[in-house]
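Hi everyone, thanks for coming. I'd like to walk you through a structure that is new to most of us, so please have a look at it with me.

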Amino acid sequence: MLHSKIMTIRNLTDTLEQLAPLSLQEKYDNAGLLVGEPLTPVRGALICLDVTERVIDEAISLGCNLIIAHHPLIFTGLKRLTAQNEVQRCVVKAIRNDIAIYAAHTNLDNIEQGVNGKIAEKLGLIDCKVLSPVSDALVKLVTYVPKLMVHKVREALFSTGAGTIGNYDSCSYNSEGYGSFRAGEKAHPFVGLKNSIHYEPEVKVEVILPKFRLAAVLNALVEAHPYEEPAYDVIPLLNQWAQTGAGFVGNLPAELPLNDFLHSIKEVFQIPTIRYTSPVKDNIRRVAVCGGSGSFLIKDALQAQADVFITADVKYHEFMEADGRIVIVDAGHYETEQYTKELMYEIISKKFPTFALHISKVTTNPILYL
Ligand SMILES: [Zn+2]
């Protein structure tokens with residue numbers, strides 16, 4: 001495929017990270033570029049859930065030098081590369097064949113249009129929201145700007161990602177007052193005279209922003225602010241970030257008999273058998289989901305008053321937590337996450353429609369059913 005401009009691994013992974021920044025991954029995770037160098041030109045990319053030797057073979061035969069996976073191939077420490085297990089063999093094989101490996105994992109789980117947003121779309125859920133929003137991820141920035149320059153500074157903050165709350169952008173609170181300062185001998189004051197106290201009409205601008213955008217927003221602030229020493233405060237917030245976090249909960253467009261819904265789960269996730277807890281009521285409407293291992297969200301699903309919670313890797317005692325109040329459904333780890341491939345394909349091809357992007361045809365699910 002011909003391109004007017006060389007595309008690098010970073011160009012491609014930036015597209016994913018603009019939506020699912022690596023800083024949103026869980027602490028235990030290892031998402032990001034795992035093998036390869038960010039500035040290497042990409043000829044083609046292969047999207048999969050898990051990197052296996054067969055997936056690497058597939059990449060080789062398709063002429064792809066980048067594999068984009070959901071699960072990180074290297075998850076815990078890797079102390080040797082002696083081909084003793086599949087992870088080690090994959091790393092060696094990837095390096096020998098000049099194939100880079102990248103993973104978008106819990107950072108893609110934790111966004112609205114991520115893994116669980118896709119599952120909700122497949123199940124036809126409406127009025128969805130994040131089941132367990134993160135806290136400690138937002139900060140407030142307060143800055144003081146001379147009245148005549150406030151428009152320019154505010155715009156600079158908005159354009160780097162400050163002031164966005166849900167479906168609203170350009171959110172700020174502005175109050176007028178005045179600032180005082182005395183410029184020293186070596187200063188270059190924007191207004192006022194050296195060695196004399198100056199009082200300037202200013203606007204106090206307050207905006208909320210994700211912590212991971214702070215460095216970029218502060219750069220933009222310093223760039224746009226006319227003062228030599230712009231004053232600002234960064235305040236950590238205890239607020240939850242409603243749009244970011246684990247799991248999703250929403251409603252079916254209309255009530256459905258539980259039995260019909262259980263059958264449609266099998267169809268949607270193409271799984272021959274599901275495990276579930278005792279029916280609580282005949283008709284259900286509110287559904288919580290978490291692709292992959294989501295047992296840690298059972299209490300959140302109960303709190304969100306979901307009738308059904310669909311996830312995977314549920315253990316015996318975790319099923320007990322249903323407690324006659326919710327139907328917990330285990331619909332398989334691979335099965336519930338399979339649409340993540342489609343999701344990543346859509347995100348990248350929207351930005352680079354002509355790029356050689358493939359979805360792996362290898363089924364990497366290690367589990368069989370009888
Ligand atoms: Zn998973």
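Let's start with helix H12, which lies across strands E2, E3 and E15. Relative to E15, H12 runs at about 170°. Please keep in mind that this is a predicted model.

Now to the sheet under discussion. Which order do its strands take? The order is E1-E4-E3-E2-E15, in an open sheet of 5 strands with mixed pairing. E1 and E15, the latter covering residues 357-359, are at the edges with a single partner strand each, so one side of each has no neighbour in the sheet. From one strand to the next, the twist averages 25°. At the E1 end, E1 and E4 run antiparallel and are joined by 3 bridges. Here you can find Leu33 standing opposite Tyr102 in E4.

Next, helix H1, residues 9-19. Its buried residues are Ile9, Leu12, Thr13, Thr15 and Leu16. They sit on the same side of H1, because the arc they cover around the axis is only 140°. And what covers them? The cover includes strands E1, E2, E3 and E4, together with our earlier friend H12.

Let's turn to aromatic rings. How many aromatic pairs does a search of the whole structure find? It finds 5. Take Tyr28 and Phe75: their ring centres are 6.4 Å apart and their planes meet at 70°, so this pair is edge-to-face. Tyr28 belongs to the loop between H1 and E1, and Phe75 to the loop between E3 and helix H3, so to speak distant parts of the chain, 47 residues apart. Tyr28 is exposed, at 54% relative accessible area, while Phe75 is partly exposed, at 38%.

Another pair is Phe190 with Tyr227, and this one is tilted, with 6.2 Å centre to centre and 50° between the planes. Again distant parts of the chain are linked: Phe190 is in the loop between strands E7 and E8, Tyr227 in the loop between helix H7 and strand E9, 37 residues apart. Phe190 is partly exposed, with a relative accessible area of 43%, whereas Tyr227 is buried, with 12%. Phe181 joins Phe190 and Tyr227 in one aromatic cluster.

Finally, the whole chain. The protein chain has 12 helices and 15 strands, and 49% of its 370 residues count as buried. Its C-alpha atoms fill a box of roughly 85 × 55 × 40 Å along the principal axes. About 19,400 Å² is exposed, with carbon and sulfur atoms supplying 52% of that area.

Definitions and conventions: Residues are numbered from 1 along each chain as its sequence is written. This is a predicted model: local features need pLDDT of at least 70, side-chain atom pairs count only at pLDDT 80 or more; totals for chains, interfaces and linings use all residues. Side-chain values use heavy atoms; hydrogens and water are left out. Buried means under 20% relative accessible area, exposed over 50%, partly exposed in between (1.4 Å probe, protein chains only). Helices (H or I, at least four residues) and strands (E, at least two) are DSSP runs, numbered from the N terminus. The arc is that of the directions from the helix axis to the C-beta atoms. Contact means heavy atoms within 4.5 Å. Two strands pair if DSSP finds at least two bridges between them. Axes are lines fitted to C-alpha atoms, for helices over the stretch in contact, and angles run from 0 to 180 degrees between N-to-C directions. Accessible areas come from the Shrake-Rupley method with a 1.4 Å probe; for residues, only the protein chains shown count as cover. Rings of Phe, Tyr and Trp (its six-membered ring) pair if their centres lie within 6.5 Å; planes under 30 degrees apart count as stacked, over 60 as edge-to-face and the rest as tilted.
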